[in-house]
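Student: Could we take a close look at just one part of this model? I'd like to go slowly through how the helices pack and which charged side chains pair up.

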Amino acid sequence: MRVGCFTPLLSSLPLEDVFKKLKSLNIDTVELGTGNYPGDPHCKLSMLESKTELKEFKQKLEDNGFTISALSSHGNPLHPDKDRARHDQEVSRKTILLAEKLGVPVVIDFSGCPGDSPQSKWPNWVTCPWPPDYLEILKWQWEKVVEPYWVKRGKFAADHGVKIAIEMHPGFVVYSPETMLRLRQVAGASVGCNYDPSHMFWQGIDPIAAIRVLGDSIFHVHAKDTQIYSVNLPRTGVLDTKSYTDERNRAWIFRTCGYGHGEEWWREFISTLRMYGYDYVLSIEHEDSIMSPDEGLTKAAAFLNSLVIRQQPAAAWWV
């Protein structure tokens, strides 16, 4: 297990300065955004068309002693706006091809969310089974949009030796372990999850217990915490639509690792990941609205590096 960093929080820095900053924090693994929602200028899809640019990028990584844990193209490939969907799908497709060329094993994405019919303008996230209209929408979404797209995209990724890690996030059709496993059953073994425990906390799902449900479908992990505010929760519930910067009135907010849950919880989280076969990267994602990116990253790196040993686990005594 080792600590990495999802670099959009450092997007204002040149890549060489990103490397220097992360090295000072004992981090030498990065997750790079390629387009769609992540705003990250450090990894350009234009490298697919330029052998020189690709070679220089690889050399820069090697010279600075860095590896890439994943490329991220978080988008909505199922958006009912056909132009938007085509754009996000193309970024995803090119990201898979770039991952293949760079030898990166994982590409991260959202599952997407369609509308309620072919005529829709906006996504329609179904959250309840009644009135029965909602189940009809959900059935249409999965059968006519979700499954056809992800069967093809899963095969495309497998054909190029890359795995797709879907980040479970409310607002998209895959937001829970159950919906993740439903998609995986349809799309195949090349599709699994990018596991972000902060998204489980605010849905009322125990992130450690959920590891046991997800099992070997976990391909990549985001290190991010959530703090629940019990004084506000009875009024708003977990589906709180207030701005993330309205911290005083929200039921929950994203926090830097260790500020929502303490060391004991994170030790158990890491141990359970290892128990179920995940011994890869904890990629710090900073979305703590109370801390600056520099403060959040620095504290998360120190906290997580104190919990993991950067080496392969020793062979068990009974082997």
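Is the crossing of H2 and H3 right-handed or left-handed?

Tutor: The crossing of H2 and H3 is right-handed; that label applies if the near helix is turned clockwise from the far one by less than a right angle, and anticlockwise would make a crossing left-handed. Before going further, keep in mind that this is a predicted model, where local features need pLDDT of at least 70, side-chain atom pairs count only at pLDDT 80 or more, and totals for chains, interfaces and linings use all residues. Residues are numbered from 1 along each chain as its sequence is written, and side-chain values use heavy atoms, with hydrogens and water left out.

Back to the helices, which (like strands) are DSSP runs numbered from the N terminus, at least four residues of H or I for a helix and at least two of E for a strand. H2 covers 51-64 and H3 covers residues 82-102. Their axes come within 11 Å and cross at roughly 60°; axes here are lines fitted to C-alpha atoms over the stretch in contact, with angles from 0 to 180 degrees between N-to-C directions. The two helices are therefore oblique to each other, the word for whatever is left once under 35 degrees is roughly parallel, over 145 roughly antiparallel and 65 to 115 roughly perpendicular.

H2 brings Leu54, Phe57 and Lys58 to the contact, and H3 brings Leu98, Lys101 and Leu102; contact means heavy atoms within 4.5 Å. That set splits into four nonpolar, no polar and two charged residues (nonpolar: Ala, Val, Leu, Ile, Met, Phe, Trp, Tyr, Cys and Pro; charged: Asp, Glu, Lys and Arg; polar: the others, Gly among them).

Now the charge pairs. H2 also holds Lys60, whose side chain meets that of Glu16 in a salt bridge, 3.1 Å from N to O (a Lys or Arg side-chain nitrogen within 4 Å of an Asp or Glu carboxyl oxygen). Glu16 sits in helix H1, 44 residues away from Lys60. Lys60 is partly exposed at 30% relative accessible area, and so is Glu16 at 33% (buried is under 20%, exposed over 50%, partly exposed in between, with a 1.4 Å probe and protein chains only).

Over in H3, Asp88 pairs with Arg84, the closest N and O atoms being 3.2 Å apart. Those two are four residues apart, so about one helical turn separates them. Asp88 is buried at 3%, whereas Arg84 is partly exposed at 29%. Across the whole structure, the search finds 17 salt bridges.
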